[in-house]
Amino acid sequence: MNVTISSIRALEKKYGMSVRYSGGSTTARDEGRALHHNECRYRQDAASPCGWKEPRTASDVIEIDHEGRTYGFLVPERPDPIVNTIASRRTFYEFDMLKDIRRRIGPEDLVLDIGAHVGNHAVYLAGVCGCQVLAFEPFQENFALLNANIELNGLGPRVKSLPIA
């Protein structure tokens, strides 16, 4: 995955969000100063109920390296236990379950992702497994992030998203 500041800015404009990049070796910008990727990647504190030092004012991009490919996720501004798990473990959420699903399906199979959230399962099923995915997400903020994540990972031809449950 080739994430650049300009590609993130394009997603910000398209989906009406502000993004702070936190992966790879790229430097991101936050409040007018440069941040090294490790600084913005690990803004966590165990004393906080959800692990974040301060309320996030911008979405973060979290990267997962899996089977020789890097997948990126724009994540919600609000604290979220699913996203916090992805960020802290640097792997797909519910990874053991996804591996089990992978053994049961084949490339090009059609898979439904009901309650797709920000696209963790849809990205895995389309990107890693090669499936066609119908992703359903009724919440507006999550739906915007789902679509941004589909685009960020180049999975538009494999994933169709619908804003319904």
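This report describes the fold, the core, one strand and one helix of a predicted model.

## Overall fold

The protein chain has 165 residues, of which 50% count as buried. Its secondary structure comes to six helices and eight strands, and these elements follow one another along the sequence in the pattern α-β-β-β-α-β-β-α-α-β-α-β-α-β.

Contacts also say something about how the chain is folded. Among those that join residues at least 6 apart in sequence, 55% link residues at least 24 apart. The surface that the protein chain exposes amounts to about 8300 Å², and carbon and sulfur atoms supply 53% of that area.

## The nonpolar core

The largest nonpolar core of the model contains 34 residues, and those with the most contacts inside it are Phe73, Leu74, Phe92, Tyr124, Val133, Ala135 and Val159. Helices and strands both contribute to this core: at least two residues come from each of strand E4 (59-66), strand E5 (69-74), helix H3 (81-89), helix H5 (120-128), strand E7 (132-136) and helix H6 (140-152).

Tyr124 can serve as an example of a core residue and its surroundings. Leaving aside residues up to four places away in sequence, Tyr124 touches His66, Phe92, Phe95, Leu98, Lys99, Arg102 and Cys129.

## Strand E6 and its two faces

Strand E6 covers residues 110-114 and includes Leu112. E6 pairs with E7 in the parallel sense over five bridges, and within this pairing the bridge partner of Ile114 is Phe136 in E7. In a regular strand, side chains alternate between the two faces of the sheet. In E6, one face is covered and carries Val111 and Asp113, while the uncovered face carries Leu110, Leu112 and Ile114.

The residues of the uncovered face, Leu110, Leu112 and Ile114, make a nonpolar surface patch of about 330 Å². Leu112 has a relative accessible area of 51%, and because the limit for the exposed class is over 50%, Leu112 counts as exposed.

## Salt bridges in helix H4

A search of the whole structure finds five salt bridges. One of them joins the side chains of Asp96 and Lys99, with a distance of 3.5 Å from N to O. These two residues are three places apart in helix H4 (residues 95-104), so about one helical turn separates Asp96 from Lys99. Asp96 is exposed, with a relative accessible area of 59%, whereas Lys99 counts as partly exposed at 34% relative accessibility. Lys99 is also one of the residues that Tyr124 touches.

Which residues are joined into one network by salt bridges that share partners? To follow the answer, it helps to look at Asp100, whose side chain meets that of Arg103 in a salt bridge of 3.2 Å, N to O. Arg103 and Asp100 lie three residues apart in helix H4, and they are therefore separated by about one helical turn. Asp100 also forms a salt bridge with Arg104, in which the closest N and O atoms are 2.9 Å apart. Asp100 and Arg104 are four residues apart in helix H4, which again means a separation of about one helical turn. Salt bridges with shared partners thus join Asp100, Arg103 and Arg104 into one network. Within this network, Asp100 counts as partly exposed at 25% relative accessibility, while Arg103 is exposed at 63%, and Arg104 is exposed with a relative accessible area of 63%.

Note on methods. Residues are numbered from 1 along each chain as its sequence is written. This is a predicted model: local features need pLDDT of at least 70, side-chain atom pairs count only at pLDDT 80 or more; totals for chains, interfaces and linings use all residues. Side-chain values use heavy atoms; hydrogens and water are left out. A nonpolar core is a set of buried Ala, Val, Leu, Ile, Met, Phe, Trp, Tyr and Cys residues joined through side-chain atoms within 4.5 Å. Buried means under 20% relative accessible area, exposed over 50%, partly exposed in between (1.4 Å probe, protein chains only). Contact means heavy atoms within 4.5 Å. Patches are made of residues with over 30% relative accessible area and no salt bridge: like charges are joined within 9 Å, nonpolar side chains (Val, Leu, Ile, Met, Phe, Trp, Tyr) within 5 Å. Accessible areas come from the Shrake-Rupley method with a 1.4 Å probe; for residues, only the protein chains shown count as cover. A salt bridge is a side-chain nitrogen of Lys or Arg within 4 Å of a carboxyl oxygen of Asp or Glu. Two strands pair if DSSP finds at least two bridges between them.
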